[in-house]
Amino acid sequence: MAVVFEKPKTLSDATLHYCPGCTHGIIHTLVAQAIEELGIEGKTVGVAPVGCAVMAYNYFTCDMVEAPHGRAPAVATGLKRALPENIIFTYQGDGDLAAIGTAETVHSATRGENITVIFVNNAIYGMTGGQMAPTSLPGQITQTTPYGRDVSTAGYPVRICEMLSTLDGVAYAERVSVDCVPNIRKAKAAIQKAFENQVNQKGFSIVEVLSSCPTNWGLTPVEALDWLRDNMIPYYPLGVYKDITGGDK
């Protein structure tokens, strides 16, 4: 019988710890597929964050480094400068990248560090119990905004791709989603391009992936995907925000 699909060899056999319905597993697979299909596993080093993906080092078969909370881009910068022939990527959530790690993200981007950043945006703090994140939507109910996010006191969500696309050092910024098969395919292409950019020494590349969090949203997995489509995608439009090879949004 012909094999039409199999687990990427760049993913370990460890059981994922993520909640039922969480789309981190899909994103892990897309990253692993990109590494495998580009043939770069032997020289790839991933940087794991603090957050839901804190144990990502258990799931990828390439070398992994654990970074302090929010410092993954700084760790990746050091790795890339010390090992310029290696492929370095970070895998970060919205709390890690867009809150405590905002400065590291912005400055590694504006320096044009030749790294690949995978940014998972689920509009909430997942690991610590569902508090408001920098990406939580206006009016969104969280553990720390039980009446909904009030922009008059909490401010507005941070749109990372739009912000980083204004920086000269950024080579590529695209926002994708993993809510359905067509969007998953687009997400895979974007992640692969972000790695290819690094191989070709294009500079800083970021792929923002809209992801669901059924547990902290208080929804079933199916309802969570619907909520992502109905609420997150309108506020965080999908598409290419910067591409120095052409195709800006």
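**Figure 1. Crossing of helices α1 and α7 in the predicted model.** The crossing of these two helices is right-handed. Helix α1 covers residues 24-38 and helix α7 covers residues 181-199; their axes come within 9 Å and cross at roughly 45°. The two helices are therefore oblique to each other. On the α1 side, the residues that meet α7 are I26, L30, V31, Q33, A34, I35, E37 and L38. Their counterparts in α7 are I184, A187, K188, I191, Q192, F195 and E196. F195 of this contact also belongs to an aromatic cluster, which it forms with F60, F89 and Y91.

**Figure 2. Packing of helices α2 and α4.** Helix α2 spans residues 72-82, and helix α4 spans residues 102-110. Their axes lie 7 Å apart, at an angle of about 40°. Helices α2 and α4 are therefore oblique to each other. From α2, the contact involves P73, A74 and T77. From α4, E104, T105 and S108 take part.

**Figure 3. The ring pair W217 and W227.** A pair of aromatic rings is described by the distance of the centres and the angle of the planes. The model has 6 aromatic pairs, counting rings whose centres lie within 6.5 Å. In the pair shown, the ring centres of W217 and W227 are 4.6 Å apart and the planes stand at 50°, so the pair is tilted. W217 is in helix α8, residues 214-217, whereas W227 is in helix α9, residues 221-235. The two tryptophans are 10 residues apart, and the pair links distant parts of the chain. W217 has a relative accessible area of 13% and is buried. W227, with a relative accessibility of 22%, counts as partly exposed.

**Figure 4. The ring pair Y235 and Y236, with R159.** The ring centres of Y235 and Y236 are 5.3 Å apart and the planes lie at 75°, so this pair is edge-to-face. Planes over 60 degrees apart fall in that class. Y235 and Y236 are both buried. Over the face of Y235 lies R159, at 4.0 Å from the ring centre.

**Figure 5. Surroundings of Y125 in the loop between β4 and α5.** Strand β4 covers 116-121 and helix α5 covers 151-154, with Y125 in the loop between them. Y125 has a relative accessibility of 24% and counts as partly exposed. Neighbours within four places in sequence are left aside in the contacts listed here. Y125 then touches G95, A99, G130, Q131, M132, A133, P134 and N216. From C-alpha to C-alpha, Y125 and Y236 are 17 Å apart in space, with their positions 111 residues apart in sequence.

**Figure 6. Positive phi at A123 and Q201.** A123 is not a glycine, yet its phi is positive, about 65°. A123 is located in the loop between β4 and α5. With 0% relative accessibility, A123 counts as buried. Q201, also not a glycine, has a positive phi of about 60°. Q201 is in the loop between α7 and β6, the latter covering 204-210. At 62% relative accessibility, Q201 counts as exposed. The C-alpha atoms of Q201 and N114 are separated by 6.3 Å, although these residues are 87 residues apart along the chain.

**Figure 7. P214 in helix α8 and its contacts.** P214 belongs to helix α8. P214 is buried, with 3% relative accessibility. Apart from neighbours within four places in sequence, P214 is in contact with P20, G21 and C22, and also with L219, T220, P221 and A224. N197 is 17 residues from P214 along the chain, and 33 Å separates their C-alpha atoms.

How values were computed
Residues numbered from 1 in each chain as written. Predicted model: local features only at pLDDT ≥ 70, side-chain atom pairs only at ≥ 80, totals over all residues. Heavy atoms only, no water. Phe/Tyr/Trp six-rings, centres within 6.5 Å; stacked < 30°, edge-to-face > 60°. Helix = DSSP H or I, 4+ residues; strand = E, 2+ residues; numbered from the N terminus. Buried < 20%, exposed > 50% of the residue type's maximum accessible area, 1.4 Å probe, protein only. Lys NZ or Arg CZ within 6 Å of the ring centre and 35° of its normal. Axes fitted to C-alpha atoms, helices over the stretch in contact; angles between N-to-C directions. Parallel < 35°, antiparallel > 145°, perpendicular 65-115°, else oblique. Left-handed = near helix turned anticlockwise from the far one by under 90°. Contact = heavy atoms within 4.5 Å.
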